[in-house]
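Please open the model in your viewer and keep the sequence panel beside it. The stops below each begin with something to select and then describe what is found there.

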Amino acid sequence: MRVLAAMSGGVDSAVAAARAVAAGHDVVGVHLALSTDPGTLRTGARGCCSKEDAGDARRAADVLGIPFYVWDFADRFKEDVIDDFVESYAAGETPNPCLRCNEKIKFSALADRALALGFDAVATGHYARLEDGELRRAVDHDKDQSYVLAVLTPEQLAHAMFPVGDTPKESIRAEAAERGLAVANKPDSHDICFIPSGDTRAFLGARIGVRPGAVVDGGTGEVLAEHDGVHGFTIGQRKGLGIAGPGPDGSPRYVTGIDPESGTVSVGSARDLEVWTVSAERAVWTSGDVPTEPVECVVQVRAHGGTAPAVAVAVDDGIRIDLREPLTGVAKGQAAVLYLLDAERGDRVLGSGTISGTSARSALSAANAL
């Protein structure tokens with residue numbers, strides 16, 4: 001096959017490209033330029049889109065003996081990832097830019113161009129597995145990235161390759177060293193690549209501006225503090241609330257609600273964060289088949305969060321997820337990813353949706369009470 005290897009400049013994508021070459025594919029490497037001013041992107045090891053990363057990707061391609069190109073996707077990245085990120089926070093949501101980048105850039109814009117140029121597949125260094133067209137968790141659960149890939153359609157998965165998903169990260173580094181790849185010991189990227197300072201609140205404030213509001217007690221409505229904009233808060237947040245001390249009972253207070261229209265941020269106890277029902281829109285079913293009956297599954301609502309057993313029901317173009325045990329810190333704008341448990345072959349992604357609402361009342365408990 002003709003394979004386009006997306007090379008970020010990190011060890012995972014370098015080994016993914018190397019494995020594609022070793023498998024006998026006709027491989028071409030490409031690095032995505034995602035900023036109109038690369039100097040503003042995070043440098044060193046913390047990001048994944050810096051000028052240093054482009055150089056690391058080129059050197060890895062040279063070692064592998066494959067052609068290498070840099071493609072400019074800066075305008076598309078700004079529109080589909082950065083602007084979306086800012087707009088979502090302004091609306092009181094908590095988006096995941098890596099998920100959006102996979103959906104809109106790597107497996108849409110990039111894959112579309114690759115297919116138009118005659119490539120059969122796009123290979124990336126994501127930690128996930130594809131078996132018979134089914135997206136599954138990686139062998140290394142600590143590095144698993146199936147959550148941020150769960151927005152991919154069956155058509156996109158049909159032209160995707162994840163060569164490192166069957167191997168633990170330590171072994172990937174050892175393999176990179178054996179292959180003579182200089183990125184073998186390069187630290188993993190962290191944080192958001194397009195925020196150079198790492199200060200998300202300042203980044204958003206510079207683009208959204210000051211929109212004053214109040215921090216209130218969710219139970220009594222008492223105003224506890226003032227703030228400059230709801231973009232500085234997310235559901236489950238404990239620090240940086242601007243309030244004096246814990247709640248009346250001495251327990252920590254958390255953000256439990258965000259109203260972008262009034263600018264009100266509600267706070268409460270950890271118990272107030274418990275969610276039993278999740279509503280999600282823009283559903284994507286990775287098999288292409290929409291379930292016609294309720295499905296027993298587990299749901300994950302954050303990229304690095306835990307899971308909970310649930311019953312998922314397809315509703316119009318969305319999903320209703322009734323949890324069998326509560327989750328906390330569930331924020332609008334994040335993805336709810338559904339997994340089917342498979343002890344022998346590993347968890348399989350059933351589908352995903354963008355969280356649009358939550359409820360503290362359990363629909364399952366209510367049904368059982370009837």
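Which backbone nitrogen does a side-chain oxygen of D199 reach at the start of α7? Select D199 together with the opening residues of α7, bearing in mind throughout that this is a predicted model: the side-chain oxygen of D199 comes to within 3.3 Å of the backbone nitrogen of R201.

**Along α7**

Stay with this helix and colour F203, L204 and I208, which are the buried residues of α7. Looking down the axis of α7, you will find that these buried residues fall within an arc of 115°, so they line one face of the helix. If you now display what covers them, α3 is included in that cover. For contrast, select A206, which also lies in α7, but which counts as exposed because its relative accessible area is 63%. Draw a distance from A206 to E93, and the two C-alpha atoms prove to be 18 Å apart in space, while the residues are 113 apart in sequence. Following the chain out of the helix brings you to G209, which comes after α7 and has a positive phi, near 90°.

**The largest nonpolar core**

Next select L4, F77, F85, I105, L110, F194 and F203, which are the residues with the most contacts inside the largest nonpolar core, a set of 30 residues. Widen the selection to β1 (2-6), β2 (26-33), α3 (74-90), α4 (97-116) and α7 (200-208), each of which supplies at least two residues of this core. Among these elements, α3 gives the most, with seven residues. Centre the view on F77 and show its surroundings: setting aside residues up to four places away in sequence, F77 touches L34, I82, C101, I105, C193 and F194. A second core, separate from the one just visited, has 28 residues, including V11, A14, A60 and M161.

**T124 and its surroundings**

Move now to T124, in the loop between β4 (121-123) and β5 (128-131). Is T124 buried or exposed? Although it sits in a loop, T124 counts as buried, because its relative accessibility is 2% and the limit for that class is under 20%. Turn on side chains here, and a polar contact of 2.7 Å appears between the side chain of T124 and that of H126. Beyond its neighbours within four places in sequence, T124 is in contact with A6, A16, F107, M161, F162 and P163.

**Helix α6**

Select α6 (residues 169-178) and colour K169, I172, E175 and A176, which are its buried residues. Viewed down the axis of α6, these residues fall within an arc of 115°, so that they line one face of the helix. They pack against α1 (11-22), whereas E170 and E178, on the other side of α6, are exposed. Just after this helix, select G180, where phi takes a positive value of about 75°.

**Two backbone angles worth a look**

Most residues other than glycine have a negative phi. With that in mind, select D132, a residue other than glycine whose phi is positive, near 55°. D132 is placed in the loop between β5 and β6 (134-137), and it counts as exposed because its relative accessibility is 75%. Then go to R282, where phi is again positive, near 50°. R282 lies in strand β12 (residues 275-285), and with a relative accessibility of 47% it counts as partly exposed.

**Zooming out**

Finally, show the whole protein as a cartoon, in which there are eight helices and 17 strands. Its C-alpha atoms fill a box of roughly 65 × 50 × 35 Å along the principal axes. The radius of gyration is 22 Å, which agrees with the value near 21 Å for a compact globule of 370 residues. Of those 370 residues, 51% count as buried. Among contacts between residues at least 6 apart in sequence, 65% join residues at least 24 apart. With the surface switched on, the protein exposes about 16800 Å², of which carbon and sulfur atoms supply 48%.

Note on methods: Residues are numbered from 1 along each chain as its sequence is written. This is a predicted model: local features need pLDDT of at least 70, side-chain atom pairs count only at pLDDT 80 or more; totals for chains, interfaces and linings use all residues. Side-chain values use heavy atoms; hydrogens and water are left out. A nonpolar core is a set of buried Ala, Val, Leu, Ile, Met, Phe, Trp, Tyr and Cys residues joined through side-chain atoms within 4.5 Å. Buried means under 20% relative accessible area, exposed over 50%, partly exposed in between (1.4 Å probe, protein chains only). Helices (H or I, at least four residues) and strands (E, at least two) are DSSP runs, numbered from the N terminus. Contact means heavy atoms within 4.5 Å. The arc is that of the directions from the helix axis to the C-beta atoms. A polar contact is a pair of N or O atoms within 3.5 Å; within protein, one must be able to donate a hydrogen and the other to accept it, and residues adjacent in sequence count only if both atoms are side-chain atoms. The radius of gyration is taken over C-alpha atoms; the globule rule is 2.2 Å times the number of residues to the power 0.38. Accessible areas come from the Shrake-Rupley method with a 1.4 Å probe; for residues, only the protein chains shown count as cover.
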